[in-house]
Amino acid sequence: MLQAQGLSLVYRNLAEHCPDIFPEELKSQFVKNYIIVNLINSLALVEQLLRILELFKNSGIKAVPFKGPVLAKRLYGDISLRCYVDLDIFISGNDAEKAVDILLANGFVL
C-alpha cells in the first residue's frame with residue numbers, strides 16, 4: 001500500500017502521463033480522500049507560516065523557513081504535493097526565547 005506521503009505525486013503523474021489508463025473512479029477517490037484534504041492542510045500551514053514570519057519580522061527576528069511548504073514549492077512547484085504536519089523555521093539561538101514569547105503571546109501553544 002502506498003504511503004500518504006507520495007499520493008499527491010502519484011496522482012499528478014498518473015493524471016499527466018497516463019490519463020488513458022487512470023480510471024475515473026480511482027481519480028475521484030484520490031481527489032476526495034487525499035488530494036483535497038492535503039491541499040486544505042497545506043494552505044492552513046502556509047497561512048500560519050506567513051503569520052509567524054510577519055510576527056518575527058515585526059519583532060526584529062530574522063527567520064528562514066525550510067522543509068514543509070518551502071521544500072514542496074521548490075521541488076514540485078506546488079505546496080500540496082508534499083505532506084507535512086509542522087513548520088520548520090531557522091532563527092538565531094539568541095532569538096529563541098524572544099521567539100517563544102512572541103508565539104505564546106499570539107495564541108500559539110507549546
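## Exercises on a predicted model

Lys27 forms a salt bridge with Glu24, with 3.1 Å between the closest N and O atoms, where a salt bridge is a side-chain nitrogen of Lys or Arg within 4 Å of a carboxyl oxygen of Asp or Glu. The model is predicted, so that local features need pLDDT of at least 70 and side-chain atom pairs count only at pLDDT 80 or more, while totals for chains, interfaces and linings use all residues. Residues are numbered from 1 along each chain as its sequence is written, and side-chain values use heavy atoms, with hydrogens and water left out.

**Exercise 1. Place the salt bridge of Lys27 and Glu24 in the secondary structure, and state how each partner is classed by accessibility.**

Step 1. Both Lys27 and Glu24 belong to helix α2, where they stand 3 residues apart, about one turn of the helix; helices (H or I, at least four residues) and strands (E, at least two) are DSSP runs, numbered from the N terminus.

Step 2. An α-helix has 3.6 residues a turn, so residues three or four places apart point the same way.

Step 3. Accessibility is classed as buried under 20% relative accessible area, exposed over 50%, and partly exposed in between (1.4 Å probe, protein chains only). Lys27 counts as buried because its relative accessibility is 16%, whereas Glu24, at 57%, counts as exposed.

**Exercise 2. How many salt bridges does the structure hold, and what separates the partners Glu16 and Arg12?**

Step 1. The structure holds 3 salt bridges.

Step 2. In one of them the side chains of Glu16 and Arg12 meet at 4.0 Å, N to O. These two residues are 4 residues apart in helix α1 (residues 7-17), which means that about one helical turn separates them. Arg12 is partly exposed, its relative accessibility being 27%.

Step 3. Asp88 and Lys67 also meet through their side chains in a salt bridge, at 3.8 Å, N to O. Because Asp88 lies in strand β2 (residues 88-91) and Lys67 in the loop between β1 (63-66) and α3 (68-76), the pair ties together parts that are 21 residues apart in sequence. Asp88 is buried at a relative accessible area of 19%, while Lys67 is partly exposed at 41%.

**Exercise 3. Describe the ring pairs that link Tyr11, Phe22 and Phe30 into a cluster.**

Step 1. A pair of aromatic rings is described by the distance of the centres and the angle of the planes. Rings of Phe, Tyr and Trp (its six-membered ring) pair if their centres lie within 6.5 Å, and planes under 30 degrees apart count as stacked, over 60 as edge-to-face and the rest as tilted.

Step 2. The count by this rule is 4 aromatic pairs. Among them, Tyr11 and Phe22 are edge-to-face, with 5.7 Å from centre to centre and 65 degrees between the planes. Since Tyr11 lies in helix α1 and Phe22 in the loop between α1 and α2, this pair ties together parts that are 11 residues apart in sequence.

Step 3. The rings of Phe22 and Phe30 have centres 5.8 Å apart and planes at 85 degrees, so this pair is edge-to-face. Phe22 is buried at a relative accessible area of 4%, and Phe30 counts as buried at 12% relative accessibility.

**Exercise 4. Which residues make up the largest nonpolar core, and which residues does Phe56 touch beyond four places in sequence?**

Step 1. A nonpolar core is a set of buried Ala, Val, Leu, Ile, Met, Phe, Trp, Tyr and Cys residues joined through side-chain atoms within 4.5 Å. The largest one has 7 residues in all, namely Ile52, Leu55, Phe56, Ile61, Ala99, Ile102 and Phe108.

Step 2. Two or more residues of this core are given by each of α2 (24-58) and α4, and the largest share, 3 residues, comes from α2.

Step 3. Contact means heavy atoms within 4.5 Å. Leaving aside residues up to four places away in sequence, Phe56 touches Ile61, Ala63, Ile89, Ile91, Ala99, Ile102 and Leu103.

**Exercise 5. Is Ser42 buried or exposed, and which residues does Ser42 touch?**

Step 1. Ser42 is found in helix α2, and it counts as buried because its relative accessibility is 1%.

Step 2. Not counting residues up to four places away in sequence, Ser42 touches Ile79, Ser80, Arg82 and Tyr84.
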